[in-house]
Amino acid sequence: MLSSPRRRRRVVRSSLVVGALGVLLAVGLLFPNTAKRRPDAPLEAAPTLVPETSAPEVQLGGATRRAALGTAQRFLRTAVLRRRVSESWALVHPVLRQGLSRAEWSTGDIPVVPYPVDEARWRLGYSRRDTIGLEVYVAPGEGSKVAPMVFDLELTALG
């Protein structure tokens, strides 16, 4: 049976493969994953819209709602669509500006992801005394290869 050189080579190769599999199996059994599973770990890719503070919810009046949506629309038209980007500098929080001057911001190289918005829909996530959270659905125009997306937008009253 082992008189043939070809058969001997096959037996040696098979023995090596079976031995390697045995070593891997032994390592897996002797050193299992010891990490503790967190049952509270989120399974979704993106975090949900949760305000930073635990301030109580307030009723959003019509005028405040219109002003908030107007500001959000101006942000989409200027910063996200990259049209007259310099106008968006006054709309964003200083933290989002990341120390950029108005002139630097006007170049369009800003920390806001550009997106070809053709349609936008808004849903109120929360309203606090000085903060409003919106969930914004944006969709590109027909024929675009970019997928629709949802992002969170937080408006904070300053001053």
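**View A. Arg7 in helix H1 and its charged surroundings.** In this predicted model, Arg7 sits in helix H1, which runs over residues 5-30. How exposed is Arg7? Arg7 comes out as partly exposed, at a relative accessible area of 47%. Arg7 also has company: together with Arg6, Arg8, Arg9, Arg10 and Arg13, Arg7 forms a patch of positive charge on the surface.

**View B. Leu30 and a nonpolar patch.** Stay with helix H1 for this one, since Leu30 belongs to that helix too. Which residues make the nonpolar surface patch here? They are Val23, Val27, Leu30 and Phe31, and the patch covers about 440 Å². Leu30 has a relative accessibility of 63%, so Leu30 counts as exposed, the cut-off for that label being over 50%.

**View C. Arg82 and Arg84 in the loop between H2 and H3.** Here we look at the loop that links helix H2 (62-80) to helix H3 (94-97), where Arg82 is found. Arg84 lies in the loop between H2 and H3 as well. The backbone is the thing to check in this view. Most residues other than glycine have a negative phi. Arg82, however, has a positive phi near 60° without being a glycine, and Arg84 has a positive phi of about 50°, again in a residue that is not a glycine. As for the surface, Arg82 is partly exposed at 25% relative accessibility, whereas Arg84 is exposed, with a relative accessible area of 54%.

**View D. Thr64 in helix H2, with Ile132 across the way.** Thr64 has its place in helix H2. Its relative accessible area is 42%, so Thr64 is classed as partly exposed. How far apart are Thr64 and Ile132 in space? Their C-alpha atoms are 9.7 Å apart, while in sequence the two residues are 68 residues apart.

**View E. Thr131 in strand S2.** Thr131 is part of strand S2, which spans residues 131-139. Is Thr131 buried or exposed? Thr131 has a relative accessible area of 17%, and the limit for buried is under 20%, so Thr131 counts as buried. What touches Thr131, if you skip the neighbours within four places in sequence? The contacts are Tyr126, Glu154, Leu155 and Thr156. So to read this close-up, find Thr131 in strand S2, note that Thr131 is buried, and then pick out those contacts, including Tyr126 and Glu154.

Notes:
Residues are numbered from 1 along each chain as its sequence is written. This is a predicted model: local features need pLDDT of at least 70, side-chain atom pairs count only at pLDDT 80 or more; totals for chains, interfaces and linings use all residues. Side-chain values use heavy atoms; hydrogens and water are left out. Helices (H or I, at least four residues) and strands (E, at least two) are DSSP runs, numbered from the N terminus. Buried means under 20% relative accessible area, exposed over 50%, partly exposed in between (1.4 Å probe, protein chains only). Contact means heavy atoms within 4.5 Å. Patches are made of residues with over 30% relative accessible area and no salt bridge: like charges are joined within 9 Å, nonpolar side chains (Val, Leu, Ile, Met, Phe, Trp, Tyr) within 5 Å. Accessible areas come from the Shrake-Rupley method with a 1.4 Å probe; for residues, only the protein chains shown count as cover. A salt bridge is a side-chain nitrogen of Lys or Arg within 4 Å of a carboxyl oxygen of Asp or Glu. Lys and Arg count as positive and Asp and Glu as negative; His and the chain ends are not counted. The place of a charge is taken as NZ of Lys, CZ of Arg, CG of Asp or CD of Glu.
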